[in-house]
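Let's take a friendly walk through a protein model together. Have the sequence and the 3D view ready, and find each residue as we come to it.

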Amino acid sequence: MEKRRKDGGFLGQPAWLWSLGALVVGIALSGLAASVHYQSLARAEHLQLDRLAAGSFEAVDAKLNTCGLLVRSVQALFLSSDDVTADEFDAMYANLRPREQFPSLQAITYAALRTDDQTGRQRYVTRLVAPLPGNRQVVGLDISTQPANLEAARFSRDADRPVMSAAFQLVQRKGMPGRNDGITIRLPVFASGASPASLAERRARETGTLAASFRVATLIEDALPSEALERFDLRVLDITDGGDRVLYGSGDATMTAMDAPLFERDVRYGGRTWRLQAQARTLAGNASAMPWLTFGIGLLASGLLAMLAWSVAGTRARALTLAHDMAGQYRQSEERFRVLNELLPALVMLAREDDGRLVYANQACRDRLSIGDDVSQFRLGDLVEDAGLRARIAAASQGLGALLNESARLQVPGHDSFWATLSVSRIMLGEQPHLLAVATDITELRVLSEELSYQASHDSLTSLYNRREFERRLSAAIAAQDAGAPTGALLYMDLDQFKLINNTSGHVAGDQLLAQLASLFAGILPEQALVARLGGDEFAILVEKTDEAQALALAETVRQDIDGYVFGWEQRNYTVSASIGVVMLTGPGLSQRALMAYADTACYMAKERGRNRVHLFSESDATTTQRRSEMEWVGRIRQALADGRFVLHFQELAPLWDGDDSAGLHVEMLVRLRDDNGAIIPPGAFIPAAERFGLMPQLDRWVVDTTLANFNALHPSGNPVTLCAINLSGPTFEDETFADFVLQRLEHHGVAPQRICFEITETAAMSSITRAVEFMQRLRSAGCKFSLDDFGSGMASFGYLKNLPVDFIKIDGSFIRNIETDPVSYSIVRAVTDIGHQLGLKVVAEWVADDRARDLLRGLSVDYAQGFAIHRPEAALCFRNPPKA
């Protein structure tokens, strides 16, 4: 005490000097604490901004991929139909309702590939547009006039994957704000057949291009989270071609701090690269205000410390009073900390390490878990559903395990569980170890993720697995076979005459039938079977751990259940049947492509043998060999067309009664093929292959053009032909351009349309009756005649016959062949003849083999006879004495 000075000094120093020193140290420490606090908050803010920016970039990337899936879903329509009509295209658009998910969508279009005959220049002319309102300017648009669009179309064709164009001005938005605010995402459309394997084949088989056009700024802004638009100045640049073309920009540059962090990411999709930039505007308010609050508290503490030093230097009583005041202020600070923690949206829990019981839970945690203020009755591990995760928490509480940071389901007994990201760490409070758990509710994100995953693997119409998921599962089954798994089976199913339902009752009815059949599968397939809709009316079933007998039995069960199903739609009932091909998965060395090809072949064989049956694929099967032979014929037919080795024969028809129409020569043109050695190949060898692989339209065009070009040089006698019949296949008259082709060739060669009669088989006409009627009416208005061939062999009724604009009906030869011995055939011929005459039609009988049959037909009032008894086919005059090969 003797060292204390009279002025309140201590240890020889005045009291004010101690107070000043304490104040200086306190201010320095306060500044340091404020700086550390600011840096900590800044790091946390930067991390939050980084996550927000990453989420925004991923949202844009996901949006582009979703747009690509939209175009892919439209491409599936073209894969299931050789000729998509405007009505089918509009129906597809109405079913998809894309603008509900893509407000930025401008239009979905299909441009057909056209080649100028004179210049050889290829053009893509837009033929189908949906929706039509607001997009009429696009109809007929040649996209080769738009460099960015044309480049995307060609790149998608060469790569056979979605391609996105550079930004350009959409035709339908010409004159509107935003000069180059449009993009397209494209996919190619190829001709039917196996998938093109090379660049040259893709270019050769391209028939058109599909595109979905979007307003790029709206697309980007629709993908971005609202929080990102509030927190960032955002820019999207197209840097694909080395430039930095601005596609989108948001925000006010005056609100962006000079040192604000900039986040960038390059997103690559469809052959283009977008650079996404997000620059924070300012740090959040607490990131800038809280350090000042810390500094202020530090200054206050420094002042109090100085006062404490003054008091310590003065008297013990003042020191005790100051200590009491500081303790009160500390309690207030702790209380403020608890209040701030209560306001956090995250779930914060503090548990004792020894027994895991909670000692604290913030308000958000108590509300979400529905627990009261007394949290000590709960253990941290009991809130976790997964037993393995509970064990890891217990290990962490004993200091044996690492910290946890993963997704988990949290639940309080008696309440619903929910998904959360859970982080558990071991901390020390004073001298006591505790477990700090922080959780964030991610239930909505989890549900959204599961929904997206489901949509990516399931068919939207039937809720069955889609082709992509089925092929993934099939690859896994093949891998299991390589590893020695038991045998399995692949069932490939195609509905019979499904197109008839679509044509007569509409695509909505067809879709409803597919959905009902999908529900039917659930009751007849075993639990381990996997069923998928591959597209259109094609389904596949994968069954593992089954033998050949069980697989065939299952296929037969499926066939019988479908065969017994009656589909009703708008007062009409349809019987349904299916053809099923079965392929066994046996041993290693299989490939997905081969298995699917085998299954398709087996299904085709089932259809060829009469439909509504099951066929097991076998390498040694004679029918399989026949189909492979047909596939080999494809190349031979194309080469024969190129080499000019097809020839025309003719067969005369004889009138059985004299009349105004019976005078003159009546002939039917028949096509034959000359092989490399000059020998004639009958049509039965190559026509099935041409029909199966879509070559009949080319062959029919050759027959029509060649017949008309040599019309006055067909009959060896040199006499003019009064009526010439030409056969047409179903795919030919379904071609919208064929009628124009016929009319142009008639005019070019100067042949009167009244001298031409086109024969269409009953089966072909019934499979596409609407298109058949349109085609017939178009050419009949020009003067051409039509004959319904093979009548009685298919499914046409006299009711349909009444509505078909035909001039002749040709009775199927199977009835004429047995007319002398089969009373039923005789009665059928008589009935068809009588009804045909009542409808004002001429009746033709084919396969007339002898005079007895001709006399019977004359007695039944049949108008014309055709067959070997009348005339044997011979080469047309223009094809006599061909040069030797």
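**A helix and its surroundings**

The buried residues of helix α15 are covered by several elements, including β15 (488–495), α14 (507–524), β17 (538–543), β20 (578–585) and β21 (614–616). Keep in mind as you look that this is a predicted model.

Now look at α15 itself. This helix runs through residues 548–563, which makes 16 residues. From its first C-alpha to its last it reaches 22 Å, close to the 22 Å expected at 1.5 Å a residue. At its N-terminal end sits a cap: a side-chain oxygen of Asp547 lies 3.4 Å from the backbone nitrogen of Ala549.

Which residues of α15 are buried? They are Ala551, Leu554, Ala555, Val558, Arg559 and Ile562. These residues cover an arc of only 135° around the axis, so they lie on the same side of α15. A general rule helps here: an α-helix has 3.6 residues a turn, so residues three or four places apart point the same way.

Next, move along the chain to Ala606, which belongs to helix α16 (residues 592–608). Is Ala606 buried or exposed? Its relative accessibility is 0%, so Ala606 counts as buried. Setting aside residues up to four places away in sequence, Ala606 touches Ser579, Ile580, Arg611, Arg613 and His615. You can also compare sequence with space: Leu616 is ten residues from Ala606 along the chain, and their C-alpha atoms are 8.8 Å apart.

Let's turn to the nonpolar cores. The largest one contains 78 residues, and within it Phe686 and Phe758 touch the most other members. What does Phe686 contact, leaving aside its neighbours within four places in sequence? Its partners are Trp633, Ile637, Phe646, Val671, Arg672, Leu673, Ile681 and Leu699. Another core, of 51 residues, lies apart from the largest one, and among its members are Leu77, Phe102, Ala130 and Ala278.

Finally, consider the cysteines. A disulfide is a covalent bond between the sulfur atoms of two cysteines. How many disulfides does the structure hold? The count is zero. Cys757 makes a good example, because its sulfur is 9.1 Å from the closest cysteine sulfur, in Cys784, and that is too far for a bond. Cys757 is also buried, with a relative accessible area of 3%. Cys365 counts as buried too, at 0% relative accessibility.

Conventions: Residues numbered from 1 in each chain as written. Predicted model: local features only at pLDDT ≥ 70, side-chain atom pairs only at ≥ 80, totals over all residues. Heavy atoms only, no water. Core = buried A, V, L, I, M, F, W, Y, C linked by side-chain atoms within 4.5 Å. Buried < 20%, exposed > 50% of the residue type's maximum accessible area, 1.4 Å probe, protein only. Contact = heavy atoms within 4.5 Å. Disulfide = S-S within 2.5 Å. Helix = DSSP H or I, 4+ residues; strand = E, 2+ residues; numbered from the N terminus. Expected span 1.5 Å × (residues − 1). Arc of directions from axis to C-beta. Polar contact = N/O pair within 3.5 Å; in protein donor to acceptor, adjacent residues only side chain to side chain.
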